[in-house]
Amino acid sequence: MSAPPVIVVGGGLAGITAALGLADAGREVTLLEARPRLGGRATSGRRRGQPVDTGVHVVLRCYEHYLALLDRLGVTPLIALQDRLDIEVLLPRGERAHLTRSHRGPPPLHLLAALLRYDALPGPARLSALRAAAALRHLDPDDPAVDLDAFGTWLRRHGQDPSTTEGLWGLVTTAALNLAPDEASLALAARVFRTGLLDRVDAGDIGIPTVPLSLLHEAPPRSALLAAGARVRLGSKVVRIERRARGLVVAVRDRHQQVTELPAEAVVLAVPHDHAAQLVPAGAVDDPAGWQALGHSPIVNVHVVFDRAVLPVPFAAVPGSAVQWVFDRTAASGRAAGGEQYLVSSVSAADDALHERTEDLVRVHLAELARHLPGLEHAHVLEAFVTREPHATFRQRPGTGRLRPGPTTHWPDLALAGAWTVPGWPDTLEAAVRSGRAAAARLLSVPMTATEHGDAGVSAPARAQMEVTS
Ligand SMILES: Cc1cc2nc3c(=O)[nH]c(=O)nc-3n(C[C@H](O)[C@H](O)[C@H](O)COP(=O)(O)OP(=O)(O)OC[C@H]3O[C@@H](n4cnc5c(N)ncnc54)[C@H](O)[C@@H]3O)c2cc1C
């Protein structure tokens, strides 16, 4: 009788990566995904026959593991990656500012000119921002003490006034951490600025998918998994994971509400933290209930189709406005032919917007776009709608670092994955892929015999020997 497969629970980027890593290493793998499609939070639904993404997903050049996954899937050309960081910043009455890095100069000097020329702030505020950026470079994002502070508090301590926070720092962190600076972890903000902007010249170059997310994260990973010999079962919701005398057993409910039990050589649990807290077997980790404290932070997208082009750039930041960031998704959604333009405003930290009525949100966003884009008043709105993701990310507050477990559990045949598990990294595509790699590495480092017997009672020293740091 052949050995049971390694079962990966969850078909988001974390589960896909873990399953590919294990299948590539020659393990039998079955991936179980509750929904009818792969991709998790980073995919597309359909509205009136048109694809609509869960949200515009911005990629940075420093997302090295995520970009390596796209390479593996053969879809890297579907990301439009800037040659160099260039953010168009829309100001009221049609004025513009730019945040553009230099081609040369050792980091962080590549940003010096960008900050000094950033017209959205008065001169003294730019100099003060430079001093704060220099101080930020000395923060260690992996230091638990740094994680206890809020970014907004730190900015005030470093002389940043509210308009500099709103016009510069908040522009980046509210989108990257899905929380306003006053609520966001200083350690995670330091990771965003250091890894994403300050430590490497090209790290912050922005990439935007040129196609719906489903064309990156659904069919290509499914084909790659099947080619690697893995099985993919969609519409398969895991309702229980248990240890029995002969090893792990995963109970799965299919679309007909039928529950079957599948024996597993090992399990990767690659689901969001609240689902993981319910599914992780008793005794496998110390305090799964504590994961609930990670909470959720919403993202709301306001979609407007105009009868003509009103935004002349692929995307823009709109500081001090309900719009926050606006993206031209015309070509990506296949609407380019008729001359119309499809804009999506991405509202992060959207606790208020989440509960606002669609017509109110659309009215406010149209007024804000008109305030920043002269000429928009002549355009006609062909279609407007709102999408809401209440659980877009976990709430990346101070003190959350200690709640993120990494891949390791007390059991050598059970690993955790998911963007939320990676200490020190924001809840992003890159963290999801990193977590999947770490979970696969964790299971691959465990000798087969330990997993065949499902030996939960493995001694602490033996367990320590099996631990890997990834
Ligand atoms: C609107 C929005 C905008 C975003 N913007 C960006 C961005 O610009 N850049 C960026 O890097 N990141 C962004 N993110 C975050 C990014 O999408 C996530 O960090 C990443 O997709 C998380 O992947 P994951 O695999 O960890 O989790 P998920 O994608 O949540 O995958 C978990 C999977 O597990 C499945 N599952 C749950 N329970 C079970 C069960 N019992 N049985 C079987 N399957 C189960 C779920 O259906 C899901 O498919 C955004 C997210 C949203 C929602």
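Which polar side-chain atom lies 2.8 Å from an oxygen atom of the ligand? It is one of His57, and I will come back to that residue after a word on the model. What we have here is a predicted model, in which local features need pLDDT of at least 70 and side-chain atom pairs count only at pLDDT 80 or more, while totals for chains, interfaces and linings use all residues. Residues are numbered from 1 along each chain as its sequence is written, and side-chain values use heavy atoms, with hydrogens and water left out.

Let me begin with the ligand. There are 36 residues around the ligand, and those that come nearest are Glu33, His57, Val58, Ala419 and Asp427; a residue is near a molecule if one of its heavy atoms lies within 4 Å of it. Besides His57, the backbone takes part, since a backbone N or O atom of Leu429 lies 2.9 Å from an oxygen atom of the ligand, and a polar backbone atom of Leu13 is 3.1 Å from an oxygen atom of the ligand. Taken alone, the ligand exposes 1,000 Å², and the protein buries 94% of that, with areas from the Shrake-Rupley method and a 1.4 Å probe.

As for where this shell comes from, at least two residues are supplied by each of α1 (13–24), β11 (237–244), α10 (273–279), β19 (381–393) and α12 (429–444); helices here are DSSP runs (H or I) of at least four residues, and strands are runs (E) of at least two.

Strand β19 is also the place of Glu383, and I would like to spend a moment there. Is Glu383 buried or exposed? Glu383 counts as buried because its relative accessible area is 18%, where buried means under 20%, exposed over 50%, and partly exposed in between. Its side chain is joined to that of Arg47 by a polar contact of 2.4 Å, and the side chain of Arg335 makes another polar contact with the Glu383 side chain, at 3.5 Å. A polar contact is a pair of N or O atoms within 3.5 Å; within protein, one must be able to donate a hydrogen and the other to accept it, and residues adjacent in sequence count only if both atoms are side-chain atoms.

For contrast, consider Ala227, found in helix α9 (residues 219–227), which counts as exposed because its relative accessibility is 72%. Ala227 and Ser214 are 13 residues apart in sequence, and their C-alpha atoms are 19 Å apart in space.

Note on methods. Buried means under 20% relative accessible area, exposed over 50%, partly exposed in between (1.4 Å probe, protein chains only).
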